[in-house]
Amino acid sequence: MPHEVKGVVARGKGAPVTVETITVPDPGPGEAVVDVQACGVCHTDLHYREGGINDEFPFLLGHEAAGTVAAVGEGVTNVAVGDYVILNWRAVCGQCRACLKGEPQYCFDTHNAAQKMTLADGTELSPALGIGAFVEKTLVHSGQCTKVDPAAPATAAGLLGCGVMAGVGAAINTGGVRRGESVAVFGCGGVGNAAIAGAKLAGATTIVAVDIDDRKLEWARQFGAIHTVNSRATDPVEAIKGHTNGFGVDVAIDAVGHPAVFEQAFHARDLAGRVVLVGVPTPDMQITLPLLEVFGRGGAIKSSWYGDCLPSRDFPMLVDLYRQGRFPLDKFVSETIGIDDVETAFEKMHHGDVLRSVVVF
Ligand SMILES: [Zn+2]
Ligand SMILES: [Zn+2]
């Protein structure tokens, strides 16, 4: 029988979100219904509300979530009722050309639920990133459920479903940070600080955090930054060279996604270094780089999709590292809030007052 539950909906471009009654169908073949326990508020949710992703309103927001599997459809074998899972937005298909090449982290045909959740009047909802988890129950493809150790609290574990994984993965998967390397991270919100924590986890010895907000730089220190640079006051490229014997860093990570920042990251790396873009640009943005420098510096310029993660490999590992006290997942949780407080949380996030607000159910 379909369920009627409360969920957070963005009805139109720029309009404040509202809490509505959502109808969640029983899971069909390959699908699962999950009782959401906690879901973080991410910039991408705000981006949807502002019409920055697409115009397929109304959106059911929320996508950084953990919960318990409540029901599974026909043919589901990877999870069972009662399993504790983190939701992911890249359920790999196993059959596309990336998967067949043995690179499922790049899967070009990821799965989402085939059925739609709806408003009470039958209007179909577009779930944010194919999840939609500011809701008591949600319908997803079973591949979007990654089973992890239930001892990790949902408020922290859920964050691995998006921002924290993107940041950690930018450092350890895309950037391939190794022991003893130097890393600079531009932008110290949730994703940037996760990249800093990832660099620390990988054994980087020099970690430089760059931001224009001193509060965020203070957070960055708590996640493992050794040096901080306020780029409003100081040229970050010069400062980074100053911390690396004049050479620049092995890995420069742009967690902002802005041309000026990307250029700083490009120029702040050492010869043969890697530049990683994990911040998401907008369609109007362009960059111009000196081509001789692109060649002459060698190394690599890489984009990081969702931290190039493989949820089945990376989520349980990071949860285990968290449980062992080696990865500070709970430090990303600034506050827990109710389902009615998402609009207020957007304000706080926009002003940089919080790293993550997390809705608990
Ligand atoms: Zn695939
Ligand atoms: Zn997100």
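Me: Before we look at helix H5, what is the expected span of a helix?
Reply: The expected span is 1.5 Å times one less than the number of residues in the helix. Helices (H or I, at least four residues) and strands (E, at least two) are DSSP runs, numbered from the N terminus.

Me: So what should H5 span, and what are its ends apart?
Reply: H5 covers residues 190-201, twelve residues, and at 1.5 Å a residue it should span 16 Å. Its end C-alpha atoms are 16 Å apart, which agrees.

Me: What kind of model is this, and how are things numbered?
Reply: It is a predicted model: local features need pLDDT of at least 70, side-chain atom pairs count only at pLDDT 80 or more, and totals for chains, interfaces and linings use all residues. Residues are numbered from 1 along each chain as its sequence is written, and chains are lettered from A and ligands numbered from 1 in the order in which they are written.

Me: Back to H5. How many of its residues are buried?
Reply: Eleven of the twelve, so H5 is mostly covered. Buried means 20 or more other C-beta atoms within 10 Å of the residue's own; exposed means 12 or fewer, and partly exposed is in between, with C-beta atoms placed from the backbone. The buried ones include Gly190, Asn193, Ala197 and Lys200.

Me: What do they pack against?
Reply: Helix H4 (163-174), strand E11 (182-186), strand E12 (206-211), helix H6 (214-223) and strand E14 (249-254). Contact here is C-beta atoms, placed from the backbone, within 7 Å.

Me: What comes just after H5?
Reply: Gly203, with a positive phi of about 95°.

Me: And H4, why is it called largely enclosed?
Reply: Twelve of its twelve residues are buried, so the rest of the structure largely encloses H4. Among them are Met165, Ile172 and Asn173. Gly176 follows H4, and its phi is positive too, near 60°.

Me: Which strand does E12 pair with?
Reply: E13, residues 227-230, in the parallel sense over four bridges. Strands pair if DSSP finds at least two bridges between them. Ala209 has Thr228 in E13 as its bridge partner. E12, H6 and E13 make a right-handed β-α-β unit. Right-handed means that, with the strands pointing away from the viewer, the path from the first strand over the helix to the second runs clockwise.

Me: Where else is there a β-α-β crossover?
Reply: E15 (residues 269-277) and E16 (residues 300-303) run parallel, joined by four bridges. The chain crosses from E15 through helix H9 (residues 291-296) to E16, and this crossover is right-handed.

Me: New topic. What is the strand order in the five-strand open sheet?
Reply: E7-E2-E1-E4-E8, with mixed pairing. E7 and E8 are at the edges with a single partner strand each, so one side of each has no neighbour in the sheet. E1 (residues 3-10) and E4 (residues 59-60) run antiparallel, joined by two bridges. Val9 has Leu60 in E4 as its bridge partner.

Me: Asp121, buried or exposed?
Reply: Exposed, because it has 8 C-beta neighbours inside 10 Å. Asp121 sits in the loop between E7 (118-119) and E8 (126-127).

Me: How far is Asp121 from Ala197?
Reply: 76 residues in sequence and 45 Å in space, C-alpha to C-alpha.

Me: Which domains does the chain have?
Reply: Domain 1 is 3-161 + 328-360, and domain 2 is 171-304. Those bounds come from an automatic or database domain assignment. The C-alpha centres of the two lie 29 Å apart.

Me: How many residues are in contact between domain 1 and domain 2?
Reply: Seven of domain 1 with eleven of domain 2.

Key. Contact = placed C-beta atoms within 7 Å.
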